[in-house]
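Biologist: I am new to this protein. Please take one part of the model and look at it closely, then follow its contacts outward.

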Amino acid sequence: MKRRLLNVVDVEATCWEGSPPPGQVSEIIEIGLAVVDLKAGERVSRHRITVRPARSSVSAFCTELTGITPAEAESGADFAEACRILAAEHRAGALPWASWGDYDRLQFERQCAATGAPYPFGSRHTNAKALFNQVHGLRRRTGMAQALRVAGLPLEGRHHRGEDDAWNIAALVLSLNARGAWRTGPPPAP
């Protein structure tokens, strides 16, 4: 049976309880990726790339939220290398991909533009949150944890950890796929 693969991506970025400190900007510190085989209806692998921030530092608030410490982030790949890993090892430019909302896609676009790193993904992106809400008839955009409850699925791992969130989003993608509702690309306008 030929596989039909999809990359599900979730990023964690530097964050603060309030505004960023002067001179700092939010940037990706973790890329979680789960590979889904839509044809087989299963999650086939999960990956984590830690990314070293160049224009910010990991705050105590960020560590509390994500579990990522400043030392852990400092030991990661630089952003351009993380993008190369996505392209070379995970076929990010060739495979369709999904994220929960548009934040992850937009953060990659912003950070690639700011750093000059090549954008690692192709154009076939699905906003899984918008599709989930449309399929379930939900007016308010639900967070991932709430969507798991709506779908009757468990939250696996730590919420706000990129690798775990990508794995959980992949379960939501598969729940949509099992209903015959998964579409690669943007959902039609309501």
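Modeller: First, a term: a residue is buried when its relative accessible area is under 20%, exposed when over 50%, and partly exposed in between (1.4 Å probe, protein chains only). This is a predicted model, where local features need pLDDT of at least 70 and side-chain atom pairs need 80 or more, while totals for chains, interfaces and linings use all residues. Numbering starts from 1 along each chain as its sequence is written, and side-chain values use heavy atoms, without hydrogens and water.

I choose strand S1, residues 5-13. Helices (H or I, at least four residues) and strands (E, at least two) are DSSP runs, numbered from the N terminus. How many residues of S1 are buried? Nine of its nine residues are, so to speak, under cover. In a regular strand the side chains alternate between the two faces of the sheet. Look at one side of S1, and you find Leu5, Asn7, Val9, Val11 and Ala13 buried. Turn to the other side: Leu6, Val8, Asp10 and Glu12 are buried there. Both faces of the strand are covered.

Now the neighbours of S1. Strands pair when DSSP finds at least two bridges between them. S1 pairs with S2 in the antiparallel sense, over nine bridges. One place to look is Val9, whose bridge partner in S2 is Leu33. S1 also pairs with S4, but there the strands run parallel and are joined by two bridges. Here Asn7 stands opposite Trp97 of S4. Keep Trp97 in mind.

S1 also faces a pocket. A pocket is an open set of points on a 1 Å grid where a 1.4 Å probe fits, with protein on both sides within 12 Å along at least five of seven lines; its lining residues have an atom within 4 Å of a point. The largest pocket has a volume of about 360 Å³. It is lined by 18 residues, and those closest to its centre are Asp10, Val11, Glu12, His160 and Asp165. Which element gives the most to this lining? It is S1, with four residues. S1 is joined in this by helices H1 (60-66), H4 (103-115), H6 (144-151) and H7 (162-178), each of these five elements supplying at least two residues.

Step across to S2 (residues 28-37). S2 pairs in the antiparallel sense with S3 (residues 42-50), over eight bridges. Near the turn, Asp37 has Glu42 of S3 as its bridge partner. Four residues lie between the two strands of this hairpin, and Gly41 there takes a positive phi near 70°.

S2 also carries charge contacts. A salt bridge puts a side-chain nitrogen of Lys or Arg within 4 Å of a carboxyl oxygen of Asp or Glu. The model has 10 salt bridges by this rule. In one of them Glu30 meets Arg48, with the closest N and O atoms 2.5 Å apart. Glu30 sits in S2 and Arg48 in S3, so to say distant parts of the chain, 18 residues apart. Glu30 is buried at 0% relative accessible area, whereas Arg48 is partly exposed at 28%. Glu30 has a second partner, Arg161, at 3.4 Å from N to O. This pair reaches further along the chain: Arg161 belongs to the loop between H6 and H7, 131 residues from Glu30. Both Arg161 and Glu30 are buried.

Helix H4, one of the pocket-lining helices, has a salt bridge too. Glu109 meets Arg105, the closest N and O atoms being 3.0 Å apart. The two are four residues apart in H4, or about one helical turn. Glu109 is partly exposed, at 35%. Elsewhere, shared partners join Glu30, Arg48, Glu72 and Arg161 into one network.

Finally, back to Trp97, opposite Asn7. Rings of Phe, Tyr and Trp (its six-membered ring) pair if their centres lie within 6.5 Å; planes under 30 degrees apart are stacked, over 60 edge-to-face, the rest tilted. There are five aromatic pairs. Trp97 and Phe121 are stacked, because their centres are 3.9 Å apart and their planes at 15°. Trp97 is in S4, and Phe121 is 24 residues away in the loop between H4 and S5. Both rings belong to buried residues. Phe121 also meets Phe108 edge-to-face, with centres 4.9 Å apart and planes at 85°. Phe108 lies in H4, so this pair ties together parts 13 residues apart in sequence. Phe108 and Phe121 are both buried. Phe79, Trp97, Phe108, Tyr119 and Phe121 form one aromatic cluster.

Definitions and conventions:
Grid points are joined across faces, edges and corners, and a volume is the space filled by probe spheres set on the points.
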